[in-house]
Amino acid sequence: MGHKRVYLDYNATTPLHPEVRKEMAAAMEMFGNPSSMHSYGREARANVEHARKTVAEFLGAHEDELVFVGSGSEANNTVLSLFACASNLCIPGFKGRQGIITTKIEHPCVLETSQCLKHRGSQVKLLDVDRYGRIDMDQLKEYLDDHIGLVSVMMANNEIGTIQDIREISRLAHEHGALMHTDAVQAVGKMPIDVNELGVDFLTMSAHKIYGPKGIGALYVRKGTPYCPFIRGGHQEKGRRAGTENTLGILGLARAVEMRREEMDEEARRLGEMKQVLRDGIAARIDDVEFNGHPELSMPNTLNVSFPGAEGEAILLYLDLEGIAVSTGSACASGSLDPSHVLLATGSSAERAHGSIRISMGRDTTMDEIRYVLDVLPNVIAKIRNMSTAYVKGGEHAAAE
């Protein structure tokens, strides 16, 4: 085991911010059910509503437009499942508009739910992306018609960091009478976001990507937007999401948002500098590498790199032996041996996709840690490539003769 421990998988999850930990510890004695009318319940309710206002204001929204949910995946499922209701006429004005447009590089919770809805009769169209992961706007215009009820496009990709033009996508969706949703789980807290400037009808966020607790997220629903509960059985969240509120999680989310407001801009600048040092260092020290994602329109904390001749899983394990934690892609798909669907969608070969790792930095990442990675990584790649019987420098894997 190496002498250092370096965590570079912040896109998978983040450690609790010290201030969030303090907030949640102080609130642990507040056990009342927010739906109860007695003083214990009223205390919990007041804190939940204050937290709602805090999170909503961070997004440029009104507090009544925010629904607390259990995760980003739940929020995404909630939005997409509206159009199962639309096909059954549960949403007034959306008869015949159960079609959905999304992209080939969305999070699995969007892609798998879309396929489920397709089997239930909804029309689903998947947008292509270019080599950098940006969607084809002309294709979006072609796909938009009177049958489309929803356009759902991720704001910042979790694997390659590429950022989409959500404002323009929203404009096009609304021109054709469709609603607009963005999965902003990887973007909220890393870049300024105002739902009114973006023009979205729905926006998804998750606490554990911004140094808050796991098990809590939020869904923005623009006032007046058609809505149908995904989880039924109670009056909580004004009838929009049944189940006793996760008071501790909600307060932790609100405190995480407050800290993002203070730290986000400086952190983005600092991480952008470290990303450039890391990118330049890898390019200078390791032959035959390819960087994935847009070179400019991408998150400052995310770097995805392909190393032909080296399997991503092997790179991950060798780095882990040196105390360095990275990822081969989405944490939700880490149990799969299939190549990244995101990289395949950008035109990457299966071999190149298999040889890729994602390095994602955060508030605790230091320049010393980046230098340590640059010291360790070249030897790891060389070791793996030397064991390969199929690696050909400067080209794709060649079949062994």
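I take contact to mean heavy atoms within 4.5 Å, and with that in hand I opened this predicted model at T302.

**Entry 1: T302 and the second largest cavity**

I looked up T302 and found it in strand 10, where it is buried with a relative accessible area of 2%. Setting aside residues up to four places away in sequence, I listed what T302 touches, and the list reads N11, E159, I160, G161, K275, R358 and I359.

T302 also appears in the lining of the second largest cavity, together with I160, K275, R279, F291, N292, G293, H294, P295, S298 and L303. I noted that the elements giving two or more residues to this lining are helix 8 (247-285), strand 9 (290-292) and strand 10 (302-306). The volume of this second largest cavity comes to about 40 Å³, and by class its lining divides into four nonpolar, five polar and two charged residues.

**Entry 2: the largest cavity and Y211**

How many cavities of 30 Å³ or more does the structure hold? I counted two of them, and the largest encloses about 110 Å³ of space. Its lining is made by 16 residues, and those that lie nearest the centre are K190, Y211, R260, E267 and L271. Sorted by class, the lining of the largest cavity has eight nonpolar, four polar and four charged residues.

I then followed Y211 from the cavity to its place in the chain, which is the loop between strand 7 (202-206) and strand 8 (217-221). Y211 is buried, at a relative accessible area of 4%, and its phi is near 70°, a positive value in a residue other than glycine.

**Entry 3: a second positive phi, at D288**

D288 also went into my notes for its backbone, since its phi is near 60°, again positive in a residue other than glycine. I placed D288 in the loop between helix 8 and strand 9. Is D288 buried or partly exposed? I recorded it as partly exposed, because its relative accessibility is 22% and the buried class ends under 20%.

**Entry 4: the nonpolar cores**

I next turned to the largest nonpolar core, which has 61 residues, and wrote down V151, L203 and L253 as those with the most contacts inside it. Helix 8 gives the largest share of this core, with seven residues. A second, separate core has 29 residues, among them F307, I324, I359 and V376. I359 was already in my notes as one of the residues that T302 touches.

For L203 I looked up the surroundings, leaving aside neighbours within four places in sequence, and found contacts with L59, M155, H181, T182, A184, V188, I193, V195, L198, A218, L219 and Y220.

**Entry 5: cysteines**

I searched the whole structure for disulfides and found zero. On the two cysteines I looked up, C109 is buried with a relative accessible area of 11%, whereas C116 counts as partly exposed at 40%.

**Entry 6: E74**

In which helix does E74 lie? I found E74 in helix 3, which covers residues 72-87. Although it carries a charged side chain by class, E74 counts as buried, because its relative accessibility is 11% and the cut-off for that class is under 20%. Not counting residues up to four places away in sequence, E74 touches V69, F230, I231 and R241.

**Entry 7: G239 and R120, two loop residues**

G239 lies in the loop between strand 8 and helix 8, and at 32% relative accessibility I entered it as partly exposed. Its contacts, apart from neighbours within four places in sequence, are P229 and G234. I also checked the separation of G239 from A284, and the two are 45 residues apart in sequence and 56 Å apart in space, C-alpha to C-alpha.

R120 lies in the loop between helix 4 (108-119) and strand 4 (124-127). I entered R120 as exposed, because its relative accessible area is 56% and that class begins over 50%. The C-alpha atoms of R120 and F58 are separated by 37 Å, with the two positions 62 residues apart along the chain counted as their distance apart.

Notes: Residues numbered from 1 in each chain as written. Predicted model: local features only at pLDDT ≥ 70, side-chain atom pairs only at ≥ 80, totals over all residues. Heavy atoms only, no water. Disulfide = S-S within 2.5 Å. Buried < 20%, exposed > 50% of the residue type's maximum accessible area, 1.4 Å probe, protein only. 1 Å grid on protein atoms, 1.4 Å probe; cavity = no way out; pocket = protein on both sides within 12 Å on 5 of 7 lines; lining within 4 Å. Points joined across faces, edges and corners; volume = space filled by probe spheres on them. Helix = DSSP H or I, 4+ residues; strand = E, 2+ residues; numbered from the N terminus. Core = buried A, V, L, I, M, F, W, Y, C linked by side-chain atoms within 4.5 Å.
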